Amino acid sequence: MLAASGKLDRRELTRALLADRGEMLVIAGLGAPAWDITAIGDCAENLPLWGGMGGAAMIGLGLALAQPKRKVLVITGDGEMLMGIGALATIAVQKPANLSIVVQDNEHYGETGMQETATGHGVDLVMMAKGAGIRHTMFVTKPDEVSALHKAIHAGNGPFFAVAKIDATSKPLVLPPREGALLQARMREAVMGPAAHHQL
Amino acid sequence: MDQHAIDKAPDAAAEWPDQIYSLLKTHNITQVALVPDAGHSRLIRRCLADNEMKVVTLTTEEEGIALLQGAWLGGAKGVLLMQSSGVGNCINMLSLSIMHRCPLPMLVTMRGDFGEFNPAQVPMGNATQTVLEAMGTLVHRADTPEDIAPTVNATIRLAFNTFRPTATLIGQRVLGAKTFGKD
């Protein structure tokens, strides 16, 4: 699971986190996290984002509040999380037990030319989540910590927030469908059945 | 309401905040996302007192666009309450609603509008309708108390029946402009 840099391989990490996912609903932030979850296997329970930078965690919150019996996982990048960092406060106050957020932190803006993000300069997202009041957190750098991370995102005693430091190397693009109406409708149908398309 | 507050809350005799609350119940709205505005203060209190509603106080209004995208993915209906200045914070995030065809009703109390005192409110207040429409939102104004409930009703229906962002702008003429004792 380690890349040549000695850091976690982002796609192997994603594969491990999504193993035995059951009915878990997954929101992926735009860019590499969206390609990662798609590479592991595109399905109706995935919402890979193409835009709305800074909104991934809040989409997870709205979904978790709407479906308190379903586990919801947000996988996103450090740049995306930093753009919507206030969401940590909003989520901490709401305390959704079924919501987990995992930041795959490569310390760079990977889609725009690998410019550095603040997390490479000492900004600690786990400390920020703790400061917001999110009590269950993890900071992961090693393969032998990944099984505990997997257990935590499935435990249902959230809100749970983790940062996994990952290798910055870009992976081959594996693109999900680009039609947003399809992505939304298929997840709604996965949650509510065909009745989803007749909701008033 | 703090009489020294800068924003104006609706008059105690005004019926429209309670009418909006009734409409939210009629339409099975269960997530209420907001950044507070004095104009919405009574409606917010009604929602907070309702155990069937999740009131989510946001750190910035664009969080509400994303929250309600998630709500709809899970089959819950929501509404976003904010002041006109908050509309400016929402612009790019509205891409989510358009891209996914997500119903998104917004109820906006106007500042920088009819008889504004504070110059800082005017640039965004003056641009509110234009920028919402530039981002594909269907916008209707309500400038009299009697107009508010039917306009809000239409805004909620239009969002959930036709899958898009919609907005009611509640004019400052309804709320009255704060004058800081200079009237």
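# Asking the model how it earns its labels

Trainee: What makes the unit of β1(A), helix α2 (residues 32–41) of chain A and β2(A) right-handed?
Mentor: A crossover earns that word if, with the strands pointing away from you, the path from the first strand over the helix to the second runs clockwise. The path from β1(A) over α2(A) to β2(A) is assigned that hand, making a right-handed β-α-β unit. β7(A), helix α7 (residues 146–155) of chain A and β8(A) make a right-handed β-α-β unit too. Keep in mind that this is a predicted model, where local features need pLDDT of at least 70 and side-chain atom pairs count only at pLDDT 80 or more, while totals for chains, interfaces and linings use all residues. Residues are numbered from 1 along each chain as its sequence is written, and chains are lettered from A and ligands numbered from 1 in the order in which they are written.

Trainee: How do you know that β1(A) pairs with β2(A)?
Mentor: Strands (E, at least two residues) and helices (H or I, at least four) are DSSP runs, numbered from the N terminus. Two strands pair if DSSP finds at least two bridges between them. β1(A) has 3 bridges to strand β2 (residues 46–48) of chain A, and the two run parallel, so they pass the test. A:I27 stands opposite A:L47 in β2(A).

Trainee: And which residue does A:I27 partner in β3(A)?
Mentor: A:V74 is the bridge partner there. β1(A) and strand β3 (residues 72–77) of chain A share 4 bridges, again in the parallel sense.

Trainee: Which way do the residues of β1(A) point, and are they buried or exposed?
Mentor: From strand β1 (residues 25–28) of chain A, A:L25 and A:I27 point one way, A:V26 and A:A28 the other. In a regular strand the side chains alternate between the two faces of the sheet. All four of these residues are buried.

Trainee: Why is A:H108 called buried?
Mentor: Buried takes 20 or more other C-beta atoms within 10 Å of the residue's own, exposed 12 or fewer, with partly exposed in between; C-beta atoms are placed from the backbone. A:H108 has 20 C-beta neighbours inside 10 Å, so it counts as buried. This histidine belongs to strand β5 (residues 108–109) of chain A. Across the 200 residues of chain A, 48% are buried.

Trainee: What does A:H108 touch?
Mentor: Contact means C-beta atoms, placed from the backbone, within 7 Å. Leaving out residues up to four places away in sequence, A:H108 touches A:M114, A:Q115, A:E116, A:T117 and A:A168. Its C-alpha also lies 8.1 Å from that of A:T119, 11 residues apart in sequence.

Trainee: What makes β2 and β7 (136–140) of chain A edge strands?
Mentor: Each pairs on one side only. The 6 strands form an open, parallel sheet in the order β2-β1-β3-β4-β8-β7 (chain A). At the β7(A) end, 5 bridges join β7(A) to strand β8 (residues 160–165) of chain A, with A:F139 partnered by A:V163.

Trainee: In what order do the strands of the chain B sheet come?
Mentor: The order is β2-β1-β3-β4-β6-β5 (chain B), 6 strands in an open sheet with parallel pairing. Its edges are β2 and β5 (138–142) of chain B. Further in, strand β4 (residues 104–109) of chain B and strand β6 (residues 165–170) of chain B share 6 bridges, and B:L104 has B:P165 as its partner.

Trainee: Why is chain A called as compact as a globular protein of its length?
Mentor: Chain A has 8 helices and 8 strands. Its radius of gyration is 16 Å, close to the 16 Å that the globule rule gives for 200 residues, so the label fits. The radius is taken over C-alpha atoms, and the rule is 2.2 Å times the number of residues to the power 0.38. The C-alpha trace spans about 50 × 35 × 30 Å along its principal axes.

Trainee: How many residues does each chain bring to the contact?
Mentor: Chain B gives 27 residues and chain A 32. Elements giving two or more on the chain B side are β2 (54–57), α3 (62–73) and α5 (94–100), with α3(B) supplying the largest share, 10 residues.

Key. Two residues are in contact if their C-beta atoms, placed from the backbone, lie within 7 Å.
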